[in-house]
Structure formats: structure tokens, C-alpha cells
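Here are a few exercises to work through with the model open beside you. Try each task yourself before you read its solution.

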Amino acid sequence: MFRFIKVFLFISCLTGASSVLAGENSPYQVIANAGNNLFARIASEQQALKSRPELMVNIVDQELMPYVDHRYAAFKILGKNLRTMTKAQREAFVLAMKNHLSQSYVQVLSKYTDQQVTFQQQEQANNRKIVSVKSVISQTGKPDIEMDFRLRKNKNSHRWLTFDIVVEGISLLDAKQAEISAKIRANGIDQVIAELAREV
């Protein structure tokens, strides 16, 4: 179960209230706030979740997705396929991928128990557009798991949002890109979008 949970923590990990995001001016603050708020919310609603597990959908939508740059992640996943798609196909894929990621988070977070996540303070991002924030997942009796959350500063909103997590040297964004690219080559973009949409 623990290995499954660590994989979740970036399938993305890697959009809460805008008032909260507005006060975050560093990648570290974004990741720390998102993680702390998310797991505190899950802990406080454990009893309700036992009888109504579907409540996890609301928790993910409110506490996690506001910190995920799903559009940028979707475009990165598409890679060179992006150039051959229509605007309508791009928008449909972005929406389908957002829902796909959200559903993945819901499934994995439903298995979360009491692992401790520590976010490590990093040096100032200065003028960099993409930075990494390191974190460590700890559980009694098991080895620590190191993860790097990759964030990008949105040029319009000037907010830092996560788009990838590297778990033990493996980029989950890269893994998802390889999976989706293979499906597009085999079945075409429209069928891939349809498959993703059916997951909701």
C-alpha cells in the first residue's frame, strides 16, 4: 500500500481557493501548503470518509487540483502530437487529462493512512521558470522515500504550480507521456480522448 501511495504523490502529484494561492510566492510555500492542507483535511474527515468515500472527490478538487498545472502537464504529455491536433482536440484532451489525474488522486488518496511527508526548504527561485522542491515520505519501519516536485511559474497568473513529481529518479510525467504517445500511435488522438473521458 505504501508503494502505491508514493506513486500517487506524483502520478503529480503533482487549482484550492485563489485567495490562498495569491499569498504563496515561492515553490516551497506552494508545495508545503498544498501537502499540509490536503493531508490535514483527510485526517479531519476520516470518520465521514469511512461511510461516504465519495467525499474524497471534493477533497481532491478543493485541496489538491488548485495546485496542479494540468494544462501544462497535458501539453507536455502530448509532446510532438500537439502540433498535429486541432484546437478542439487540444481542449478536449486537457479536460480529459485533468479528470483522469483527479480520479487517479482520489483512488490513491483513499488508501492514505498516516505517512509523514516532510517538505525541505529550498533556495530562492530567483528568475528561474522551473524549479524542484524536495520532500521525504516517512513511515515507521520502512525506508524513507525521496521525491522531487517540479513546479513552473505561470506567466499569466505568476503562481507556482506543480506539473511533475520525480519519485526515486523516475519522472511520472515522462512515464505518462510514453503511455499516451503509444496509445495515440496505435488508436489515434480521438479514441485516446474518448477513453480518458470514459474514466470519469
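**Exercise 1.** Are Tyr72 and Phe163 buried or exposed in this predicted model? Find out also how their rings are arranged.

*Solution.* Start with accessibility: Tyr72 and Phe163 are both buried. A residue counts as buried if its relative accessible area is under 20%. Next, look for aromatic pairs: searching the whole structure turns up 1. That pair is formed by Tyr72 and Phe163, with 5.0 Å between the ring centres and 85 degrees between the planes. Angles over 60 degrees count as edge-to-face, and the pair of Tyr72 and Phe163 is edge-to-face. Finally, place the two partners: Tyr72 sits in helix H6 (residues 70–78) and Phe163 in strand S4 (residues 160–167). With 91 residues separating them, the pair links distant parts of the chain.

**Exercise 2.** Work out how helices H7 and H9 are oriented to each other, and which residues meet.

*Solution.* First take the geometry: the axes of H7 (residues 87–109) and H9 (residues 189–198) come within 8 Å and cross at roughly 30 degrees. Angles under 35 degrees count as roughly parallel, so H7 and H9 are roughly parallel to each other. The crossing of H7 past H9 is left-handed. Now list the contacts: H7 contributes Gln89, Ala92, Phe93, Ala96, Met97 and His100, while H9 contributes Ile189, Asp190, Val192, Ile193, Leu196 and Ala197. Sorted by class, this contact of H7 with H9 holds 9 nonpolar, 2 polar and 1 charged residues.

**Exercise 3.** Do the same for helices H8 and H9: what is their orientation, and which residues make the contact?

*Solution.* The axes of H8 (residues 172–187) and H9 come within 7 Å, and they cross at roughly 125 degrees. An angle between 115 and 145 degrees is classed as oblique, and H8 and H9 are therefore oblique to each other. On the H8 side, the contact is made by Ile180, Lys183, Ile184 and Asn187; on the H9 side, by Ile189, Gln191, Val192 and Glu195. The residues of this contact of H8 with H9 comprise 4 nonpolar, 2 polar and 2 charged.

**Exercise 4.** Locate Tyr105: which helix holds it, and how far apart in space are Tyr105 and Val57?

*Solution.* Tyr105 belongs to helix H7. Its relative accessible area is 1%, so Tyr105 is buried. Then compare sequence with space: Tyr105 and Val57 are 48 residues apart along the chain, and their C-alpha atoms are 8.8 Å apart.

Methods. Residues are numbered from 1 along each chain as its sequence is written. This is a predicted model: local features need pLDDT of at least 70, side-chain atom pairs count only at pLDDT 80 or more; totals for chains, interfaces and linings use all residues. Side-chain values use heavy atoms; hydrogens and water are left out. Axes are lines fitted to C-alpha atoms, for helices over the stretch in contact, and angles run from 0 to 180 degrees between N-to-C directions. Helices (H or I, at least four residues) and strands (E, at least two) are DSSP runs, numbered from the N terminus. Angles under 35 degrees count as roughly parallel, over 145 as roughly antiparallel, 65 to 115 as roughly perpendicular and the rest as oblique. A crossing is left-handed if the near helix is turned anticlockwise from the far one by less than a right angle, and right-handed if clockwise. Contact means heavy atoms within 4.5 Å. Ala, Val, Leu, Ile, Met, Phe, Trp, Tyr, Cys and Pro count as nonpolar, Asp, Glu, Lys and Arg as charged, and the others, Gly among them, as polar. Rings of Phe, Tyr and Trp (its six-membered ring) pair if their centres lie within 6.5 Å; planes under 30 degrees apart count as stacked, over 60 as edge-to-face and the rest as tilted. Buried means under 20% relative accessible area, exposed over 50%, partly exposed in between (1.4 Å probe, protein chains only).
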